[in-house]
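Q: Please take a close look at the aromatic rings in this model. Describe how they are arranged and what lies around them, in an order that a newcomer can follow.

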Amino acid sequence: MRRRTQVAIVGAGPAGLLLANVLIAAGVDCVVVEHRSREHVQTRARAGFLEQRTVDCLRRHGLCAGLDAAAARHVRCEFRSERRSFVVDYGELAGGRAHWVYPQQLLVRDLVQSLVSRGGDVRFSHAVERVEGVDSDAPLLVCRSAAGETLEISCEIVAGCDGARGISCQALAGGGAQAIERRYPFGWLTVLAEADPPPAHIVYAMHADGFAAHVPRTPEVSRFYLQCAAGDTASDWPAERVWAQLRRRLSPHGAAELTPGRILEQGVLAMRSSVTAPMQHGRLYLAGDAAHVLTPCGAKGMNLAIADADALARSLVARLRDGDGEQLDGYGARRLPDVWRSQEFSDWLLHLLHEPLAGTAVDYERRLRAARLEQLEHSPSFAQTFARRYVG
């Protein structure tokens with residue numbers, strides 16, 4: 001089976017789906033190809049914090065009805081250490097900007113429904129086996145459905161939105177792109193669980209045993225993070241150990257203790273960051289995790305992916321509808337400064353929050369952290385800079 005289109009989008013995550021919605025609304029034909037099922041992408045729990053710029057983008061494109069109905073607005077975060085605790089009202093410091101708690105799977109559901117209602121073509125359960133001809137005027141995607149049927153999609157442009165391990169990255173590497181990577185010497189245990197009481201804001205806790213965070217998602221469910229050893233697996237963290245460490249790290253000086261509930265999901269993240277440059281080659285353009293991977297610290301990943309998709313959509317509309325190719329030619333170069341600013345903030349916040357590892361200058365690092373926390377609590381200019389970068 002063959003399909004001809006203007007833009008072939010690989011990946012039905014937030015970046016690919018936003019891109020498709022904007023293109024369809026502008027009259028640009030596109031096809032989205034996703035190797036997972038629709039049910040899988042609409043139920044997989046991932047990120048949940050949307051920056052103000054992301055909400056503004058969704059609202060501008062008429063894609064925020066679900067978010068407006070169900071998202072919770074957050075404007076404060078708390079820093080806890082064994083010596084003190086304080087709250088940063090980053091919403092006020094950033095001029096009224098906010099975070100919105102809206103789980104990624106709900107946003108994906110909204111974007112899929114919007115795309116289908118607009119007559120968009122989304123091929124779930126179709127794996128892209130080859131990306132050919134990106135140096136030519138007629139790239140080709142060779143796909144295979146779960147039932148074993150072959151689909152060939154010829155197009156003018158390929159948008160790679162299929163993550164760091166997707167085929168788009170492999171295809172771009174043939175054009176000389178390189179990934180610059182950093183791996184951190186610790187992991188994060190991630191836990192989605194029922195717990196009481198939920199905090200009114202995000203809690204970041206610094207403890208001798210390691211960093212912990214409590215991120216409320218709904219009145220009943222929260223996301224928790226625990227710094228753990230590199231190489232740990234979920235099996236190293238039975239429920240009893242999880243709750244004991246959460247209580248210990250999140251309550252360093254008598255804060256209200258958690259009442260454990262059901263653990264709904266648990267896993268370990270190997271903490272790493274990477275940036276692929278250039279983000280384009282020939283007729284292939286990357287967006288989201290296909291171009292850059294961030295740690296979850298600071299919640300920048302999904303927001304950066306949506307910013308990529310918005311910029312790529314504008315560039316593609318200018319090229320394919322209006323005949324202006326200048327924006328598209330400079331797409332990657334324009335995006336990389338924002339990518340590196342986000343990487344730097346995530347790295348800075350990681351170093352602020354995490355317990356120094358044995359073998360480093362532990363006492364020195366702890367005193368540096370204390371100095372940074374002192375500025376964050378007592379220096380309005382320092383806190384305002386943090387707030388503006390944090391909220392996006």
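A: A charge counts as sitting over a ring when NZ of Lys or CZ of Arg is within 6 Å of the ring centre and within 35 degrees of the ring normal. The model is predicted, and in it R241 lies over the face of W237, at 3.6 Å from the ring centre. A second case involves K300, whose charged end sits over the ring of F345, 5.1 Å from its centre.

Next come the rings that pair with each other. The model has 17 aromatic pairs. One of them joins W188 and F211, with 5.2 Å from centre to centre and 25 degrees between the planes. Planes under 30 degrees apart count as stacked, so the W188 and F211 pair falls in that class. W188 belongs to strand β14 (residues 178-196), whereas F211 is in the loop between β15 (202-205) and β16 (212-216), so the pair ties together parts that are 23 residues apart in sequence. Both W188 and F211 are buried.

The pair of W348 and F386 has its ring centres 6.2 Å apart and its planes at 45 degrees, so this pair is tilted. Here two helices are involved: W348 lies in α11 (residues 331-353) and F386 in α13 (residues 380-391), so the contact links parts that are 38 residues apart in sequence. W348 is partly exposed, with a relative accessible area of 22%, whereas F386 is buried at 3%.

These pairs belong to a wider group. Ring pairs link F79, F86, Y90, W188, Y204, F211, Y225, F345, W348, F382, F386 and Y390 into a cluster. F345, the ring under the charged end of K300, is thus also one of the cluster members.

Y204, another member, leads to the strands. In a regular strand the side chains alternate between the two faces of the sheet. In β15, I202 and Y204 are on one side and V203 and A205 on the other, and all four are buried, which leaves both faces of the strand covered. Strand β6 (residues 77-80) runs parallel to β15 and is joined to it by 4 bridges; in one of them, C77 has I202 as its partner. β15 and β16 run antiparallel, with 3 bridges, including one that matches Y204 with A213. β15 and β16 form a hairpin with 6 residues between them, and in the turn G210 has a positive phi of about 130 degrees.

The rings can also be set against the nonpolar cores. In soluble globular proteins, nonpolar side chains tend to be buried together. The largest nonpolar core has 80 residues, of which V7, I9 and L19 touch the most other members. Helix α9 (residues 301-320) gives this core its largest share, 11 residues. A second, separate core of 32 residues includes F86, Y225, C297 and L353. F86 and Y225 are thus found in this second core as well as in the ring cluster.

A last point concerns cysteines. The model has 0 disulfides. C64 is in none, as the nearest cysteine sulfur, that of C57, is 10 Å away. C64 counts as buried, at 7% relative accessibility. C143 is also buried, at 0%, and its sulfur is 9.7 Å from the closest cysteine sulfur, in C155, too far for a bond.

Note on methods
Residues numbered from 1 in each chain as written. Predicted model: local features only at pLDDT ≥ 70, side-chain atom pairs only at ≥ 80, totals over all residues. Heavy atoms only, no water. Core = buried A, V, L, I, M, F, W, Y, C linked by side-chain atoms within 4.5 Å. Buried < 20%, exposed > 50% of the residue type's maximum accessible area, 1.4 Å probe, protein only. Phe/Tyr/Trp six-rings, centres within 6.5 Å; stacked < 30°, edge-to-face > 60°. Pairing = 2+ DSSP bridges. Disulfide = S-S within 2.5 Å.
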